[in-house]
Amino acid sequence: MKAILVAGGHGSRLLPYTRYTHKTLLPLYKRPVIDYALGTIRRAGITDITIIGNQFIGQIAQHVGTGLPGETIHYVIEEEPLGVHHALNLARPHAEGSRILLYFSDNITTIELTDAVREFRESNDEPGCALVGRDVEDPERFGVAVFDENRKLVDIVEKPKDPPSSFAIGGIYLFDETFWDRLDSVVAMKGKAISISDVNRTYVRDSKASIIEAENSLWIDCGTPDSLFEASVIAEEGKISPEPCNYRDGDSTN
């Protein structure tokens, strides 16, 4: 299992701060935003992490460094935002052939991925994909799940004007080793202007997609000043953690 942490883009919703630093280095309570994303990845037991960043990748590297003992950290620069396909291809040499956790760095969540990652790692068969999702008040901003009458996932619609449900899928995904072939096939059909939802739909079509959700979980997109402040309050309350071990459970291992 490897992780790709996508920290590219211009961070335009957080201007003027992102003129001078990367959005993931902005403070969320007492730590930078990126530490909370890395905490979730590390608590899931993943030690090979590729970080995609923009012109401030050097600042990220200065903060994260070579990682914790036993970790491998790769850094790749996205010189200009040319879409998700371009960004992921930058990380491809470090992750192709492996099962991956794809994590878009704006997402801060209380959902722990340890069990899901373990199941993915230990599966003898190709496990497909597992999509972290939650009910939201503004589903039109996300990939939105389409369920049948038995609440089986049957489709995903990207940023619909008329959402078919309030269940958003976006930001954190587990993919098996077929991901890169699926990505290539989607690009071949639709061109490079694709979304992750387009790849997810290939798994749904093949009945290889599942959903990860946790009751009473918190999930915040820290891409705006208001949401960054909201996440900081939650961090101060101890509901989210940047630590590599889950101190709330007293577990001192990855």
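The following exchange discusses the fold, cores, salt bridges and backbone of a predicted model.

Reader: What is the mean pLDDT of the protein chain?
Author: The mean pLDDT is 86, and 93% of the residues reach 70 or more.

Reader: Where does pLDDT stay under 50?
Author: That applies to residues 246-254, for which the model has 20 contacts beyond four places in sequence.

Reader: How many helices and strands are there?
Author: The protein chain has seven helices and 13 strands.

Reader: And which radius of gyration does the chain have, against that of a compact globule?
Author: The chain has 17 Å, which agrees with the value near 18 Å for a compact globule of 254 residues. The C-alpha trace spans about 45 × 40 × 35 Å along its principal axes. Of the contacts with a separation of 6 or more, 70% are between residues 24 or more positions apart.

Reader: What share of the residues is buried?
Author: Buried residues account for 51% of the 254. The accessible surface comes to about 12100 Å², and carbon and sulfur atoms hold 48% of that area.

Reader: Turning to the interior, which residues have the most contacts inside the largest nonpolar core?
Author: They are Ile4, Leu88, Phe175 and Phe179, in a core of 30 residues. Elements that each supply at least two residues of this core include strand S1 (2-7), helix H3 (84-95), strand S11 (167-175) and helix H5 (179-190).

Reader: What does Ile4 touch, leaving out residues up to four places away in sequence?
Author: Among its partners are Thr50, Ile52, Leu88, Ala91, Leu102 and Trp180. Apart from the core of Ile4 lies another one, of 29 residues, which includes Ile41, Ile46, Ala130 and Leu174.

Reader: Is helix H6 largely enclosed or exposed, and why?
Author: H6 is largely enclosed by the rest of the structure, because eight of its 10 residues are buried. The buried ones include Ile196, Val199, Tyr203 and Val204, and also the polar-named positions Ser197, Asp198, Asn200 and Thr202.

Reader: What follows H6?
Author: Ser207 follows H6, with a positive phi near 55°.

Reader: Which residue has a positive phi in the loop between S10 and S11?
Author: Lys159, which lies in that loop, has a positive phi of about 45° although it is not a glycine. Lys159 is exposed, at 52% relative accessible area. Arg151 also has a positive phi, near 60°; its place is in the loop between strand S9 (143-147) and S10, and it is partly exposed at 46%.

Reader: Now the charges: how many salt bridges are there?
Author: The count comes to 15. One of them joins Arg118 to Asp115, with the closest N and O atoms 2.9 Å apart. Both residues lie in helix H4, three residues apart, about one turn of the helix.

Reader: Which parts does the pair of Asp206 and Arg182 tie together?
Author: The two side chains meet in a salt bridge, at 3.0 Å from N to O. Asp206 lies in the loop between H6 and strand S12 (209-212) and Arg182 in helix H5, so the pair ties together parts that are 24 residues apart in sequence. Asp206 is partly exposed, at 36% relative accessibility, whereas Arg182 is buried, at 13%.

Reader: Which residues are joined into one network by salt bridges that share partners?
Author: Arg31, Asp35 and Glu243 are joined in that way.

Note on methods. Residues numbered from 1 in each chain as written. Predicted model: local features only at pLDDT ≥ 70, side-chain atom pairs only at ≥ 80, totals over all residues. Heavy atoms only, no water. Core = buried A, V, L, I, M, F, W, Y, C linked by side-chain atoms within 4.5 Å. Buried < 20%, exposed > 50% of the residue type's maximum accessible area, 1.4 Å probe, protein only. Helix = DSSP H or I, 4+ residues; strand = E, 2+ residues; numbered from the N terminus. Contact = heavy atoms within 4.5 Å. pLDDT = per-residue confidence, 0-100. Rg over C-alpha atoms; globule rule 2.2 N^0.38 Å. Areas by Shrake-Rupley, 256 points an atom, 1.4 Å probe, with all protein chains shown as cover. Salt bridge = Lys/Arg side-chain N within 4 Å of Asp/Glu carboxyl O.
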